[in-house]
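Here is a short tour of the side-chain contacts and strand pairing in the structure shown below. Keep the viewer open as you read.

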Amino acid sequence: GVIPYSLNSPLFSDYAFKKRFIKIPQGTKIKYSPYDVFEFPEGTTLIKNFYYPEDFRKPEERIRILETRLLIKEKSNWKTLPFVWNKEQTEAFLDVAGRSMEISWTHFDGSARKVSYSVPNTNQCKACHLRGDRIFPIGLSARQLNADYPYSDGPKNQLVYWSENNLLEGLPSQGTVPKLASYSDTQAPVDLRARAWLEVNCSHCHRSDGPARNSGLHLLADITNPAEYGVGKAPVAAGKGTGGRLFSIVPGKPDESILQFRIESTDPGTMMPELGRKLQHEEGVRLVREWIMAMK
């Protein structure tokens with residue numbers, strides 16, 4: 001009863017690879033929502049494995065699983081549980097305090113890379129998943145799941161598959177289901193890709209009901225007001241995080257934009273997102289830079 005799934009635009013986590021799974025209690029269904037995260041039945045378990053191949057050019061070979069994060073819905077609340085795998089890769093153990101691990105690999109371009117990878121503690125898990133005063137999943141929305149998945153019997157749209165297998169109720173006709181762009185799809189428009197990257201990496205805090213709501217910077221990809229997602233917007237609180245810049249986004253000038261400065265930084269007191277990474281996401285940084293450069 002454990003079903004694998006993938007997202008159109010996944011969160012960057014220091015280049016860690018991820019595999020995602022969901023299990024819902026037998027006889028229950030997920031309730032479809034067109035824009036927000038779905039409503040899941042009591043007892044749902046969300047599973048996410050974080051791992052690194054020894055060589056990114058051979059992603060299925062010599063894999064080291066670092067952690068498995070669970071979100072379990074109990075009594076209408078979501079419990080966060082991080083498990084750390086042993087070196088033998090035979091078992092994973094609950095580690096609510098978090099830990100750091102030194103990881104090295106061969107990157108896509110053949111270069112040697114390394115990072116001090118951080119497994120979050122349970123409070124850090126809550127920091128990203130908190131909306132208002134409650135914990136919620138982040139990625140399980142129609143916009144993120146509206147794509148094919150390579151199931152064992154062939155590729156099929158994930159939402160259609162869930163609906164046909166009695167996991168999801170209320171799915172409308174395919175043409176009406178929203179879809180978030182894949183930021184890695186170079187055939188898609190730059191603005192859609194950049195907005196998708198900002199949504200998945202930043203909007204869990206930067207939204208009207210997120211932990212950073214008082215900043216006034218809302219980075220969901222469906223926000224249409226440019227000032228709301230940062231164009232010409234002065235920061236609510238000045239300080240080190242601005243890098244001496246005056247506005248979140250200055251059209252055509254990424255080097256004068258606070259947003260660009262913060263996603264490029266690896267300084268713990270400056271960088272955004274502030275949790276979940278030690279490295280710069282080089283491809284994402286270039287994408288957002290290209291997006292700001294094209295603004296008029």
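## Salt bridges

Twelve salt bridges are found in this predicted model. One of them joins arginine 69 to glutamate 67, with the closest N and O atoms 2.9 Å apart. The two partners sit in differing surroundings: glutamate 67 is buried, with a relative accessible area of 0%, whereas arginine 69 is partly exposed at 23%. The cut-off for buried is under 20%, so the value of 23% puts arginine 69 in the partly exposed class.

Another salt bridge brings together the side chains of arginine 289 and aspartate 255, at 2.7 Å from N to O. This pair links distant parts of the chain, 34 residues apart: arginine 289 belongs to helix H6 (residues 282-294), while aspartate 255 lies in the loop between helix H4 (190-202) and helix H5 (258-264). Arginine 289 counts as partly exposed at 25% relative accessibility, and aspartate 255 also counts as partly exposed, at 49%. Elsewhere, salt bridges with shared partners join Asp109, Arg113 and Glu282 into one network. Within that network, aspartate 109 and arginine 113 meet at 3.8 Å, N to O, and aspartate 109 is exposed, with a relative accessible area of 56%.

## Aromatic contacts

Now for the rings: a search of the whole structure gives 15 aromatic pairs. Among them is the tilted pair of phenylalanine 17 and tyrosine 51, with 5.6 Å between the centres and 45° between the planes. Phenylalanine 17 comes from strand E2 (residues 17-23) and tyrosine 51 from strand E4 (residues 45-53), so this contact, too, links distant parts of the chain, 34 residues apart. Both residues are buried.

Tyrosine 52 and phenylalanine 56 form a stacked pair, 6.3 Å centre to centre with 25° between the planes. Each of these two residues is buried. Ring pairs tie Phe17, Tyr51, Tyr52 and Phe56 into a cluster with Trp105, Phe108 and Tyr117. A ring also meets a charge: arginine 195 lies over the face of tyrosine 229, 3.9 Å from the ring centre.

## The open sheet

Six strands make up an open sheet with antiparallel pairing, in the order E1-E2-E4-E5-E6-E7. Strand E1 (3-5) and strand E7 (92-94) stand at the edges; each has a single partner strand, so one side of each lacks a neighbour in the sheet. From one strand to the next, the twist averages 30°.

At the E7 edge, three bridges join E7 to strand E6 (residues 77-85), and the two run antiparallel. Have a look at phenylalanine 83, which stands opposite leucine 94 in E7.

Technical notes
Residues numbered from 1 in each chain as written. Predicted model: local features only at pLDDT ≥ 70, side-chain atom pairs only at ≥ 80, totals over all residues. Heavy atoms only, no water. Phe/Tyr/Trp six-rings, centres within 6.5 Å; stacked < 30°, edge-to-face > 60°. Helix = DSSP H or I, 4+ residues; strand = E, 2+ residues; numbered from the N terminus. Buried < 20%, exposed > 50% of the residue type's maximum accessible area, 1.4 Å probe, protein only. Lys NZ or Arg CZ within 6 Å of the ring centre and 35° of its normal. Pairing = 2+ DSSP bridges. Axes fitted to C-alpha atoms, helices over the stretch in contact; angles between N-to-C directions. Salt bridge = Lys/Arg side-chain N within 4 Å of Asp/Glu carboxyl O.
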